[in-house]
Amino acid sequence: MANTALITGSYGGLGTCFVNIHAEKGGDLILVGRSQAKLDAQAKEMEEKYNVTAHTIAADLSAPEAAQHIYDTCKNNGWTVDILINNAGFGGQGDFTRERTMEQDMSMIAVNIETPTRLMKLFLPDMVKRGSGKVLNVSSTAAVMPGPLQAVYYATKAYVTSVSNAIWRELKDTGVTVTALMPGAMQTGFANAGGLSDTKLFSHAVDPKQVALDGYNGMMKGELNVISGLPGMQKPMISLAPMFPKKPMLDFVYNQQIAGSANK
């Protein structure tokens with residue numbers, strides 16, 4: 001296998017875009033997700049369409065042993081990971097105290113923070129030894145502010161951006177880079193799964209294809225952060241967010257995420 005990308009959440013909306021972008025460029029694939037049947041179908045499609053090699057690893061990324069299983073599978077099969085795309089993640093709307101369950105939020109932390117961190121801990125040393133490698137961590141523009149009604153999700157993405165940026169600096173002059181992709185609201189299954197499709201925040205969601213391409217290209221260039229897919233008023237809001245008074249900002253974000261607000 002040559003120029004191999006390991007992509008988590010490979011058959012989701014944004015993940016599918018990353019898979020197609022890399023395969024179209026002739027790169028081989030290691031597809032990671034929960035459903036073996038979906039992974040097998042995706043691998044077959046990529047091999048037939050692009051004449052690349054596509055391997056699969058079925059894993060529940062909320063499980064603490066998932067990252068080690070993924071790494072060991074690659075090692076045992078002699079698969080070298082040149083690119084690691086930590087794409088898998090999920091959100092979920094609801095009041096932290098009254099609506100979100102312990103299991104929901106701990107699973108979110110596991111998938112959005114713990115497993116991507118473990119995967120970097122495992123694969124980055126190998127990349128540094130080889131003197132080459134790319135990591136793309138899918139964060140969010142949510143990382144720049146707190147998110148009432150998505151408190152844990154916003155916090156997980158703040159972590160992803162922060163740790164990616166710090167490691168980017170630590171890896172300077174090694175030939176290895178870590179890039180954070182910070183998309184706005186996108187037209188993927190994320191909104192429906194998180195109960196956000198009927199909110200103002202997702203009323204102008206963008207196509208994920210361009211976001212994935214921007215992220216992929218930025219990763220290949222070794223960029224620090226890539227911000228993409230910001231519709232309408234999100235563009236000035238993100239750039240000005242650090243200067244806004246905190247309490248009015250929290251009120252604004254809260255109102256953007258109330259279910260049913262898209263039609264008001």
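## Reading cavities, a strand and cores

User: I'm new here, so let's start inside: how many residues in the lining of the largest cavity are nonpolar, polar or charged?

Analyst: Nine residues of that lining are nonpolar, four are polar and one is charged. Keep in mind that this is a predicted model.

User: How many cavities of 30 Å³ or more are there, and how much space lies in the largest?

Analyst: To read a cavity, think of a space where a 1.4 Å probe fits but cannot get out. There are three cavities of 30 Å³ or more here, and the largest holds about 80 Å³ of space. Its lining has 14 residues, and the closest to the centre are Asn86, Asn112, Pro116, Asn137 and Val160.

User: Which elements give two or more residues to that lining?

Analyst: They are α4 (102-130), β5 (133-138) and α5 (151-170). Helix α4 gives the most, with six residues.

User: And what lines the second largest cavity?

Analyst: That one has about 50 Å³ of space. Among its lining residues are Gly92, Phe96, Arg100, Asp105, Met108 and Tyr153. Both α4 and α5 give two or more residues, with α5 giving the most at three. By type, the lining splits into six nonpolar, three polar and two charged.

User: On to strands. Which side chains of β7 are buried?

Analyst: The general idea is that side chains in a regular strand alternate between the two faces of the sheet. In β7 (residues 225-228), Val226 and Ser228 point to one face and are buried. Asn225 and Ile227 point to the other face and are not buried.

User: Which strand is joined to β7, and by how many bridges?

Analyst: Strand β6 (residues 176-183) is, through four bridges, and the two run parallel. For a spot to look at, find Ala180 in the model: it stands opposite Asn225 of β7.

User: Last topic, the largest nonpolar core. Which residues touch the most other members?

Analyst: To read a core, look for buried nonpolar residues joined through side-chain atoms within 4.5 Å. The largest core has 28 residues, and Leu6, Ile70, Leu84, Phe123 and Leu124 touch the most other members. At least two residues each come from β2 (28-33), α3 (66-77), α4, α5 and β6. The largest share is from α4, with seven residues.

User: What does Leu124 touch?

Analyst: Leaving out residues up to four places away in sequence, Leu124 touches Leu119, Val135, Ile167, Leu171, Val176 and Val178. There's also a second, separate core of 26 residues, including Ile21, Ile83, Ala212 and Tyr216.

Key. Residues are numbered from 1 along each chain as its sequence is written. This is a predicted model: local features need pLDDT of at least 70, side-chain atom pairs count only at pLDDT 80 or more; totals for chains, interfaces and linings use all residues. Side-chain values use heavy atoms; hydrogens and water are left out. On a 1 Å grid over the protein atoms alone, a cavity is a set of points where a 1.4 Å probe fits but cannot get out, and a pocket is an open set with protein on both sides within 12 Å along at least five of seven lines; lining residues have an atom within 4 Å of a point. Grid points are joined across faces, edges and corners, and a volume is the space filled by probe spheres set on the points. Ala, Val, Leu, Ile, Met, Phe, Trp, Tyr, Cys and Pro count as nonpolar, Asp, Glu, Lys and Arg as charged, and the others, Gly among them, as polar. Buried means under 20% relative accessible area, exposed over 50%, partly exposed in between (1.4 Å probe, protein chains only). Two strands pair if DSSP finds at least two bridges between them. Contact means heavy atoms within 4.5 Å.
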